[in-house]
Amino acid sequence: MSGNPNITEKKHPADKIKETFEKLKEELKTLGMILGVNNDSTTQPPASSTHSKESTKPDDKNPYHKDVTADDKKARKAAKAAEKKARAEKSVANKAAAAAGSTQQPQKKPEQAGKNQEKPKQEPKQVVPDSTEKLIEENRQLTKTTEQLAAQMESLVVVEETKTNGDLKSAIKKTTGVEKNVRHVHNVIMPSAVTFDLPKNQVKIVASDSDEGVASEIESTAISQLDDATCLAHIHPAFLTLLAQSELEKIPDVETVCIKFIKAFKEFLRDWTAEREKNQTEASSFGHDLDLAIRPQLAHLTQNGHWPLPFALGNTVRLLKRTIKRVDDQTNAECGETLQNYLEDTLSINFSSAYKAISQLLVRKIRQFKKVVVFDWCPVVNHVLLDAREQIEDMQLTVIDANSSGRGTRHVKSFVDRGYNVKYVTMKGASWASRDGAVLILGCSAIFANGAVAAQKGALASVLTANHYNIPVIVVAEHFKFIDKGQVFQRVALLGRQNIEFIQSDLVTAVVTDLRILGPTSAPAVLKAKALTDMA
């Protein structure tokens, strides 16, 4: 017993470990208070009664909330750090406990060791500060607390994920109603018991049990607020065919686009008018309802506004909308007949009559030059060249194409089929063709108010070559190709991958229209004559 005072003077390693565990407990309690962990399940040592009272207070004041805030994120980071620290302390404690047990056994008397073996649990309330069993029990408590903190962190992560993904999961609801089943959308078979929640005033697609077709419920208010034109249920088959042909690159030029659009609209108007008569709808709202009905059709053609309409087709659509709003007849059939007559007149004036007028004006110029150079394909230019070749036997034609076997081969084919000779070169031979030619004739997609020309990509190189050899450049354009805009889009809808480039007005010698031959800077006169500036 004489050695006991010397032992108490110096702190035993077990006492140091105990102090370390006490500090770690306090840190874990503080962290549990931040995260709202219930500490009732954890056992407290009898000496720390004041700490147990204090630990119950923050549980009542800080209940666990499901909303994750910035403080919770910081708390999770602190919990991770505390968990790592607890593991490190635990490993150090185990090593120290093993060392303390090995050093303490030789100091005990044999009699005391025998008493401890005979009565290990004789006095359970007595706390021995340097006992190994107490250290093991404290390790167990620390392990439980660490597991609780880890579970708390996992629950916080789950709550955050459900908060972010809850809106997406609520968009799909299972029902057993047959009237809400969606069978076929974009040729994809959907489960018969799954529907999608759409926003208010959105177009709903309803399919019957039989797979005969897909019906559509379209409200007038929903059409004006249509945000997605990818659904095909409310698109007329004529417009579907038009877009499919353009994606397959079967539409070579803007003139063909305008003609096919007018024909598709005639089919749509005929079916829409018949459905309106079937439902016995009043004719007083014919123009307003038709204007709303064509909006999703146009949105589908432009891929929901991703690509703009070609300039010439945009003018045609604006004129058509103005005519629709002015329709005021007694019956739906009369309104439909009025618009059908307007579309027939548009085809005749913009194409048949315009081709003849341009041919009469341009053949006179070709008779003077005789050696003609053309670039790429244009139906108006081809019509003029065929008329000129029939009237001028010694006319020579050279076709410059952007690449081998490009669109310019259409000119070659039309001449060869009629037994006429023609020269065909690519852009590499543009210099030779311009030096040997006398005039360069170009088609175009549009002519702007400042006299600039929008033409097929590669036309600018041909124009610069012609200017180098002092050859006049003549642009052919119908009157509906004149627009009052000054911006060029690289790509437009319904023309596939065809690119458009900009030609300045000072590079163009003259513009031949169905009205007369004029300079490129006289474009505003054509705009005023056709009253296009008031229809933007």
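The legends below introduce several close-up views of this structure, which is a predicted model.

**View 1. The whole protein, as a place to get your bearings.** Before zooming in, it helps to know that the protein has 536 residues, of which 41% are buried. Its secondary structure comes to 17 helices and 16 strands. Take the contacts between residues at least 6 apart in sequence: 75% of these join residues at least 24 apart.

**View 2. An open sheet built from 7 strands.** Follow the strands across the sheet and you will meet them in the order 9-8-7-10-13-15-16, with mixed pairing. Strand 9 (423-426) and strand 16 (517-518) stand at the edges. Each of these two has a single partner strand, so one of its sides is left without a neighbour in the sheet.

**View 3. The edge of the sheet at strand 16.** Here strand 15, residues 510-512, runs antiparallel to strand 16, and 2 bridges join the two. To find your place, look for Val512, which stands opposite Ile517 of strand 16.

**View 4. The edge of the sheet at strand 9, with a helix linking two strands.** Strand 8 and strand 9 run parallel and are joined by 4 bridges. One pair to look for is Thr398 with its bridge partner in strand 9, Lys423. Helix 14 (residues 409-417) completes the picture: together with strand 8 and strand 9, helix 14 makes a right-handed β-α-β unit.

**View 5. A second open sheet, with 3 strands.** The order in this sheet is 11-12-14, and the pairing is antiparallel. Strand 11 (446-447) and strand 14 (500-503) are the edge strands, each pairing on one side only. Between strand 11 and strand 12 (residues 453-456) there are 2 bridges, and Ala446 stands opposite Ala454 in strand 12.

**View 6. Helix 16 and the two sheets.** Helix 16 spans residues 459-468 and lies across four strands of the 7-strand sheet: strand 7 (371-375), strand 8 (396-401), strand 10 (439-442) and strand 13 (473-476). Its direction is at about 160° to strand 10. Helix 16 also lies across strand 12 and strand 14, running at about 30° to strand 14.

**View 7. Helix 9 packed against helix 12.** Two packed helices are described by the angle between their axes and the distance between the axes. For helix 9 (residues 254-278) and helix 12 (residues 332-369), the angle is about 170° and the axes are 10 Å apart. That makes the two helices roughly antiparallel. On the helix 9 side, the residues in contact include Ile259, Ile262, Phe265 and Leu269. On the helix 12 side, they include Leu339, Leu343, Leu347 and Phe351. By class, this contact has 11 nonpolar, 5 polar and 6 charged residues.

**View 8. Two loop residues with a positive phi.** Most residues other than glycine have a negative phi, which makes this pair worth a look. Glu249 has a phi near 60° and sits in the loop between helix 8 (237-247) and helix 9. Lys370 has a phi near 70°, and its place is in the loop between helix 12 and strand 7. Is Lys370 buried or partly exposed? With a relative accessible area of 34%, Lys370 is partly exposed.

Key
Residues numbered from 1 in each chain as written. Predicted model: local features only at pLDDT ≥ 70, side-chain atom pairs only at ≥ 80, totals over all residues. Heavy atoms only, no water. Pairing = 2+ DSSP bridges. Contact = heavy atoms within 4.5 Å. Axes fitted to C-alpha atoms, helices over the stretch in contact; angles between N-to-C directions. Right-handed = clockwise from strand over helix to strand, strands pointing away. Parallel < 35°, antiparallel > 145°, perpendicular 65-115°, else oblique. Nonpolar A, V, L, I, M, F, W, Y, C, P; charged D, E, K, R; others polar. Buried < 20%, exposed > 50% of the residue type's maximum accessible area, 1.4 Å probe, protein only.
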